[in-house]
Amino acid sequence: MAGPWKFGEESEGVIRSYINARYKLMPSLIAAGQHATRTGFPLAARCDTVWPEHAATGAANATQYIFLQDTLVAPIWTDGTNTRSVWIPPGEWEDAWDGSTVSGPKIISVTQPPSRQPMW
């Protein structure tokens, strides 16, 4: 079985921080599970399921999603780059890492260090 320790101390620290975040989110995860049971709405959904009227302008991007109904997550999957294009949904969105805000709908370019995923 592979574990985070096989990838070095830096990777182990990043993985540890995300596991700790998951435990801090546990009350929200439980509430979202209850909501999903009642309504059928998933814990993570593509943006075009929430904003179908924007599917043609970027909401249908299958590599970003809404988590727990209010957090936009746009993972960076490629090696060697820390930048990606992100469709920002309608409204004001606060960056989870630095608190800056961005208004949507629009497409922006985002850069994050390897230890962080773009989230609003």
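**Figure 1. A salt bridge joins Asp48 and Arg46 in this predicted model.** The closest N and O atoms of the two side chains are 2.6 Å apart. The partners differ in cover. Asp48 is buried, because its relative accessible area of 16% falls under the 20% limit. Arg46 is partly exposed, with a relative accessible area of 36%. Asp48 belongs to α3, which runs over residues 47–50. Side chains of opposite charge can pair when their charged atoms come close. The count for the structure comes to two salt bridges.

**Figure 2. Glu12 and Arg16 form a salt bridge within helix α1.** The N to O distance is 3.0 Å. Four residues separate the partners along the sequence, about one turn of the helix. How covered is Glu12? Its relative accessibility is 25%, so Glu12 counts as partly exposed. Arg16 is also partly exposed, at a relative accessible area of 46%. Both values lie between the 20% and 50% limits, which is why neither residue is called buried or exposed.

**Figure 3. Five residues make a nonpolar patch on the surface.** They are Ile15, Ile19, Tyr23, Met26 and Ile30. The patch covers about 430 Å². Two helices, α1 (9–24) and α2 (26–39), each give two or more residues to the patch. Which helix gives the largest share? It is α1, with three residues. Met26 lies in helix α2. With a relative accessible area of 31%, Met26 is partly exposed. A patch residue needs over 30%, so Met26 passes that cut-off.

**Figure 4. Arg22 lies over the face of Tyr23.** The distance to the ring centre is 4.9 Å. Tyr23 is also one of the residues of the nonpolar patch. Arg22 and Tyr23 both fall within α1, which spans residues 9–24.

**Figure 5. Trp51, Trp87 and Trp93 form a cluster linked by ring pairs.** A search of the whole structure finds two aromatic pairs. Trp51 and Trp87 make an edge-to-face pair, 6.0 Å centre to centre, with 65 degrees between the planes. This pair links distant parts of the chain. Trp51 sits in the loop between α3 (47–50) and β2 (65–67), while Trp87 sits in strand β4 (residues 83–94), 36 residues apart. Both Trp51 and Trp87 are buried. How are the rings of Trp51 and Trp93 arranged? Their centres are 6.1 Å apart and their planes meet at 70 degrees, so this pair is edge-to-face. Trp93 lies in strand β4 and Trp51 in the loop between α3 and β2, so the pair ties together parts 42 residues apart in sequence. Trp51 and Trp93 are both buried.

**Figure 6. Three strands form an open sheet.** Their order is β1-β2-β3, and the pairing is antiparallel. Which strands lie at the edges? They are β1 (44–45) and β3 (71–73), and each pairs on one side only. β2 and β3 are joined in the antiparallel sense over three bridges. Ile66 stands opposite Leu72, which lies in β3. Strands of a sheet pair through backbone hydrogen bonds, either parallel or antiparallel.

**Figure 7. β4 and β5 form a hairpin.** Six residues lie between the two strands. One residue of the turn, Gly99, has a positive phi of about 80 degrees. How many bridges join β4 to β5? There are ten, and the pairing is antiparallel. Strand β5 covers residues 101–111. Across the pair, Glu92 stands opposite Ser103 in β5. Strand β4 also holds Trp87 and Trp93, two members of the tryptophan cluster. In a regular strand the side chains alternate between the two faces of the sheet.

**Figure 8. Val73 is a residue of strand β3.** Is Val73 buried or exposed? At 6% relative accessibility, Val73 counts as buried. A distance to Pro114 can be followed here. Val73 and Pro114 are 41 residues apart in sequence. In space, they are 15 Å apart, C-alpha to C-alpha. β3, the strand that holds Val73, is an edge strand of the open sheet.

Conventions
Residues are numbered from 1 along each chain as its sequence is written. Side-chain values use heavy atoms; hydrogens and water are left out. Patches are made of residues with over 30% relative accessible area and no salt bridge: like charges are joined within 9 Å, nonpolar side chains (Val, Leu, Ile, Met, Phe, Trp, Tyr) within 5 Å. Accessible areas come from the Shrake-Rupley method with a 1.4 Å probe; for residues, only the protein chains shown count as cover. A salt bridge is a side-chain nitrogen of Lys or Arg within 4 Å of a carboxyl oxygen of Asp or Glu. Buried means under 20% relative accessible area, exposed over 50%, partly exposed in between (1.4 Å probe, protein chains only). Rings of Phe, Tyr and Trp (its six-membered ring) pair if their centres lie within 6.5 Å; planes under 30 degrees apart count as stacked, over 60 as edge-to-face and the rest as tilted. A charge sits over a ring if NZ of Lys or CZ of Arg is within 6 Å of the ring centre and within 35 degrees of the ring normal. Two strands pair if DSSP finds at least two bridges between them.
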